[in-house]
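Welcome, and please open the model in your viewer with a cartoon view ready. We will go from one selection to the next and say what to look for at each stop.

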Amino acid sequence: MNINKKALILIDLQNDFCQGGSLAVPEGDRVIPLANQLQNHFDVIVATQDWHPQDHASFASNHLGQQVGNVIIMNGVQQVLWPNHCVQHTKGAEFHPDLNIEKVNKIFHKGVDKHIDSYSAFFDNAHLRATGLGDYLKDKQVQEVYIMGLATDYCVKFSALDAKALGFNVSVIEDACRGVELNKGDTAKSLHEMQAAGIKLILTRDIMTRNSIFD
């Protein structure tokens, strides 16, 4: 029995984060074909969706006098204010139409509590509530987690750090991610932060060619 399963986590490959979306990540669309190609190489595939109520506190529109990019304190943690995005049951919250989700084993929603944001696929930003992803992966006997998606400097980073803290061996597929870059250099800084935490940075070709990491 395989007791060292590998999981691919597809982070927030949603319309609002891609071209034409309300919070479009530069070149976000370019990772969609990679997501489709990578799925053939993993035992378990999960996907996350930002799934915000309309009155979510991370939306600048819900704070009088505030604007996108401002930072406030929410539930004791710093919160960047964003444009309204990925509102539940809207087209913006749907997966990119070119994303193949037929092989996705389970979808996890995050950011559902209007009072706290959730960058990570595993917990909200204050670590008050888990999404259930960590337990799900452990139930599936997953030990190795590979993360790709949007955006490198927010949801990918925090998902990777939480996965590492939960005891998984974590790799981020660098070329299959894109950053928001609210501030120049945020993506590079995030990659260094992940590496410092013991997270591996790999490329799509490392998986597609089945090199040593899959031996």
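Start by selecting I9 and V46: I9 stands opposite V46, which lies in β2. Keep in mind along the way that this is a predicted model.

**Stop 1: around β2**

Widen the selection to the two strands. β1 and β2 run parallel and are joined by four bridges. Now add residues 32–38, helix α1: together, β1, α1 and β2 form a β-α-β unit that is right-handed.

Next, show the side chains of β2, residues 44–50. How many of the residues of β2 are buried? Seven of the seven are, so β2 is largely enclosed by the rest of the structure. Side chains in a regular strand alternate between the two faces of the sheet. Colour V44, V46, T48 and D50 for one side of β2, and I45, A47 and Q49 for the other; all of these are buried, so both faces are covered.

Stay with Q49 and look across to β5, where its bridge partner is H109. Five bridges link β2 to β5, and these two strands also run parallel.

**Stop 2: the whole sheet**

Select the six strands of the open sheet, which follow the order β5-β2-β1-β6-β7-β8 with parallel pairing. The edges are β5 (106–110) and β8, each of which pairs on one side only. From one strand to the next, the twist averages 25°.

Zoom in on β6 (residues 142–150) and β7: they run parallel and share six bridges. Here you can pick out G149, which stands opposite C177 of β7. Then bring α3 into view. α3 packs on the sheet and touches β1 (5–11), β5, β6 and β7; the direction of α3 makes about 170° with that of β6.

**Stop 3: helix α4**

Finally, select α4, residues 186–196. Which residues of α4 are buried? They are D186, T187, S190, L191 and M194. These residues cover an arc of only 135° around the axis, which puts them on the same side of α4. An α-helix has 3.6 residues a turn, so residues three or four places apart point the same way.

Turn α4 over to its other side, and you will find K189, H192 and A196 exposed. To see what covers the buried residues of α4, display its surroundings, which include α3 (152–165), β7 (169–178) and β8 (200–202). One last pick is G198, just after α4, which takes a positive phi of about 95°.

How values were computed. Residues are numbered from 1 along each chain as its sequence is written. This is a predicted model: local features need pLDDT of at least 70, side-chain atom pairs count only at pLDDT 80 or more; totals for chains, interfaces and linings use all residues. Side-chain values use heavy atoms; hydrogens and water are left out. Buried means under 20% relative accessible area, exposed over 50%, partly exposed in between (1.4 Å probe, protein chains only). The arc is that of the directions from the helix axis to the C-beta atoms. Contact means heavy atoms within 4.5 Å. Two strands pair if DSSP finds at least two bridges between them. Axes are lines fitted to C-alpha atoms, for helices over the stretch in contact, and angles run from 0 to 180 degrees between N-to-C directions. A crossover is right-handed if, with the strands pointing away from the viewer, the path from the first strand over the helix to the second runs clockwise.
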